[in-house]
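Colleague: Could you take me through one part of this model in detail, namely the nonpolar core and the residues that surround it? I would like a connected account rather than a list.

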Amino acid sequence: MHSQFRAVKPALIEHRQMDRHPVQIQRTSIRQNGKATKATKSGELVDVSVYGCRLSCDSKFSDGTNLWLRFDGSSPVSATTIWCKGGQIGCRFDEKLDQGLFRSLTLIND
């Protein structure tokens, strides 16, 4: 049976435009942006793209919280939380991640 309508591809559950990559450097420090009195929290970087990352940490953050992230001694990276669930948070970087930092986070040293 033919239809006059075009076939539609199934909807993707994954909404990211860029692939996430496993990381080599995992230590991360997290500080809420604009809150000088807030203590720095520690976390673990799970995966990263040039536009965002997923972190594992014990702290809970509301959606839309502005954060400073520091990956294993890097300069602070400004990000915004998108979700927080099950001990993990998803963040979108406020600016595309520097290519050199991205490479240092994802390259495996043999």
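**The core and its cysteines**

Modeller: Let me begin with one residue, Cys-91, which counts as buried because its relative accessibility is 2%, below the 20% cut-off for that class. The model is a predicted one, and everything that follows is computed from it. Cys-53 likewise counts as buried, at 0% relative accessibility. With two buried cysteines in view, disulfides are a natural next topic, and the count for the structure comes to 0. Cys-53 is in no disulfide, and the nearest cysteine sulfur to its own, that of Cys-91, lies 4.7 Å away. Seen from the other side, Cys-91 is in no disulfide either, its nearest cysteine sulfur being that of Cys-53. The pair is therefore not counted, since a disulfide requires sulfur atoms within 2.5 Å.

Cys-53 also leads into the core itself. The largest nonpolar core has 20 residues, and those that touch the most other members are Cys-53, Leu-55, Leu-69, Phe-71, Phe-93 and Leu-97. At least two residues of this core come from each of β3 (41-48), β4 (52-56), β5 (66-71), β6 (77-85), β7 (88-93) and α1 (99-106). As a general matter, nonpolar side chains in soluble globular proteins tend to be buried together.

Phe-93 deserves a closer look. If its neighbours within four places in sequence are set aside, Phe-93 is in contact with Val-48, Ser-49, Val-50, Tyr-51, Gly-52 and Cys-53, and also with Leu-69, Phe-71, Val-77, Ser-78 and Ala-79. Among these partners are Cys-53, Leu-69 and Phe-71, which are named with Phe-93 itself among the core residues that touch the most other members.

Around the core, the protein chain contains 1 helix and 7 strands, and from the N terminus on its elements run β-β-β-β-β-β-β-α. Strand β2 (residues 27-32) runs antiparallel to β3, to which 4 bridges join it; within this pairing, Thr-28 has Gly-43 of β3 as its bridge partner. β2 is also joined to β5 by 5 bridges, again in an antiparallel arrangement, and here Arg-31 stands opposite Trp-68.

Polar groups can be followed in the same careful way. A search of the whole structure finds 1 salt bridge, in which the side chains of Asp-47 and Arg-54 meet at 2.7 Å, N to O. Asp-47 counts as buried because its relative accessibility is 11%, whereas Arg-54, with a relative accessible area of 24%, is partly exposed. Ser-59 sits in the loop between β4 and β5, and with a relative accessible area of 18% this serine is buried. Not counting residues up to four places away in sequence, Ser-59 touches Lys-41 and Cys-84.

Finally, some values for the protein chain put this part in context. Of its 110 residues, 32% count as buried, and the chain exposes about 8100 Å², of which carbon and sulfur atoms supply 49%. Among contacts between residues at least 6 apart in sequence, 53% join residues at least 24 apart.

Technical notes: Residues are numbered from 1 along each chain as its sequence is written. This is a predicted model: local features need pLDDT of at least 70, side-chain atom pairs count only at pLDDT 80 or more; totals for chains, interfaces and linings use all residues. Side-chain values use heavy atoms; hydrogens and water are left out. A nonpolar core is a set of buried Ala, Val, Leu, Ile, Met, Phe, Trp, Tyr and Cys residues joined through side-chain atoms within 4.5 Å. Buried means under 20% relative accessible area, exposed over 50%, partly exposed in between (1.4 Å probe, protein chains only). Contact means heavy atoms within 4.5 Å. A salt bridge is a side-chain nitrogen of Lys or Arg within 4 Å of a carboxyl oxygen of Asp or Glu. Two strands pair if DSSP finds at least two bridges between them. Accessible areas come from the Shrake-Rupley method with a 1.4 Å probe; for residues, only the protein chains shown count as cover.
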